[in-house]
Amino acid sequence: MINILNYFSSLAIPLTIIVIIFYGLKEKKKTFDVFLVGAKEGIEIVLKMLPTLIGIFLAIGLLRSSGIIDFIVNLLTPITNFIKVPSEIMPLALLRPISGSASMAVAVDIMNNYGVDTLIGAISSVIMGSTETTFYTIAIYTSCVGIKKTRGILLPALVADIAGILISVVICRILS
Amino acid sequence: MLNILWPIFITLSIVYAIYTGRVNEINNEIFDALESAVGLSITFLGTISLWNGIMEIAKSTTLINKLTNILNPIVKRLFPELKNNQKVNQEISINIIANILGLGNAATPLGIKAMKSMQEENKRKDELSNSMMMFILLNTASLQLIPTNVIAIRTSLGSQNPTSIIIPVWISSIVAAVVGILAVKVLIKKGRK
């Protein structure tokens, strides 16, 4: 079962690439030239992101090495034990809806400390991949039409985030 | 948000570290953090460029239109109030497809366009319509075919199998999206009473 899942997971990228290139060839596009345009834009995206990453990694690294994260994790342990969520992922769960770059730094920090290929590493990865920066998304889409009355859209969005986090834990536990 | 959180995180950490006698750890951390930010960016340079390049090819073909057509019936069911407006349906579908393909930079402007079209149909201009609520929820659910960022992080940290999380991510995001959609429907019904 796990091997089958891993196999299909590993097929996702190669299959996507081949389908897209196939379409490019079928419609007689200059695939390599087009690829280069996109790849160059990718480099720009990463370079623009680097200052943010440096600032955020610094803040999150300080939070951990000062012992504050351990302090918070210990405080939350009774609650997380009750809902069967490893307390180590709680800093990630708390920051994920608020900031994309901060949650990325926390995820890297967690995987560095507990190992990428451990249960905690897997849970952090799945949470990062399956949830979004909810607050930011809501802010962008309400402000672009100048709406202030959001009728409580934050609530179902956060309910979905919590569901995503709990499901991530369950799936990783089943697969590990 | 980060203008508030960032200074709080840093000052709190340094004060706490001095209080608990962990000044050396803090000093080492400052340089380690910079190194891991740069290290991660180098991995990102490879994966994100590759993916952006591949998706640029996808954008140049009719693939996105085809996927949009496949999605249209689902969009019609999720947005019953927009049934007469093919243009908005199309805009919503393109935004979702862009999200699924990981075209984050393209998805947001497309989404803003869809929001503006929905605002034209909106009867109370100062309040989100039902369709807008559903649309925002779909955008807060991370529906992504290939979670490129996570794979880059896992690669940079030396994972044995960086892509093994793809199917778990799909399952988790679909479940989260379904829960979110149901929650929005409940919220809309309750609001009407």
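**Notebook: cavity, helices and two loop residues**

I began with the largest cavity, whose lining consists of Ser130(A), Thr131(A), Glu132(A), Ala160(A), Asp161(A), Thr140(B), Ala141(B), Ser142(B), Ser173(B) and Ala176(B). Two elements give two or more residues to this lining: helix 8 (154–175) of chain A and helix 8 (166–192) of chain B. I note that the model is a predicted one.

**Entry on the cavity.** I then asked how many cavities of 30 Å³ or more a search of the whole structure finds. The search finds one. I recorded a volume of about 50 Å³ for the largest cavity. I also sorted its lining by class and obtained three nonpolar, five polar and two charged residues. As background, I keep in mind that rolling a probe the size of a water molecule over the atoms shows where empty space is left.

**Entry on helix 6 of chain B.** I looked up whether the residues of helix 6 of chain B are buried or exposed. Eleven of the eleven residues in this helix, which covers residues 130–140, are buried, so the helix is largely enclosed by the rest of the structure. I list the buried residues as Asn130(B), Ser131(B), Met132(B), Met133(B), Met134(B), Phe135(B), Ile136(B), Leu137(B), Leu138(B), Asn139(B) and Thr140(B). I met one of them, Thr140(B), earlier in the lining of the largest cavity.

**Entry on a helix pair in chain A.** I examined how helix 2 (residues 31–65) of chain A packs with helix 5 (residues 100–114) of chain A, and found an angle of about 50° with the axes 9 Å apart. The angle therefore makes helix 2 of chain A oblique to helix 5 of chain A. I noted the crossing of helix 2 and helix 5 of chain A as right-handed.

**Entry on positive phi values.** I recalled that most residues other than glycine have a negative phi. I therefore looked up two residues of chain A that are not glycine and have a positive phi, Lys84(A) and Arg151(A), against that general pattern.

Where is Lys84(A) placed? I found Lys84(A) in the loop between helix 3 (68–82) and helix 4 (90–95) of chain A. Its phi is near 60°. Lys84(A) has 61% relative accessibility and therefore counts as exposed, the cut-off being over 50%.

I found Arg151(A) in the loop between helix 7 (134–143) and helix 8 of chain A. The phi of Arg151(A) is near 55°. Because its relative accessibility is 28%, I entered Arg151(A) as partly exposed.

Notes: Residues are numbered from 1 along each chain as its sequence is written. Chains are lettered from A and ligands numbered from 1 in the order in which they are written. This is a predicted model: local features need pLDDT of at least 70, side-chain atom pairs count only at pLDDT 80 or more; totals for chains, interfaces and linings use all residues. Side-chain values use heavy atoms; hydrogens and water are left out. Buried means under 20% relative accessible area, exposed over 50%, partly exposed in between (1.4 Å probe, protein chains only). Helices (H or I, at least four residues) and strands (E, at least two) are DSSP runs, numbered from the N terminus. On a 1 Å grid over the protein atoms alone, a cavity is a set of points where a 1.4 Å probe fits but cannot get out, and a pocket is an open set with protein on both sides within 12 Å along at least five of seven lines; lining residues have an atom within 4 Å of a point. Grid points are joined across faces, edges and corners, and a volume is the space filled by probe spheres set on the points. Ala, Val, Leu, Ile, Met, Phe, Trp, Tyr, Cys and Pro count as nonpolar, Asp, Glu, Lys and Arg as charged, and the others, Gly among them, as polar. Axes are lines fitted to C-alpha atoms, for helices over the stretch in contact, and angles run from 0 to 180 degrees between N-to-C directions. Angles under 35 degrees count as roughly parallel, over 145 as roughly antiparallel, 65 to 115 as roughly perpendicular and the rest as oblique. A crossing is left-handed if the near helix is turned anticlockwise from the far one by less than a right angle, and right-handed if clockwise.
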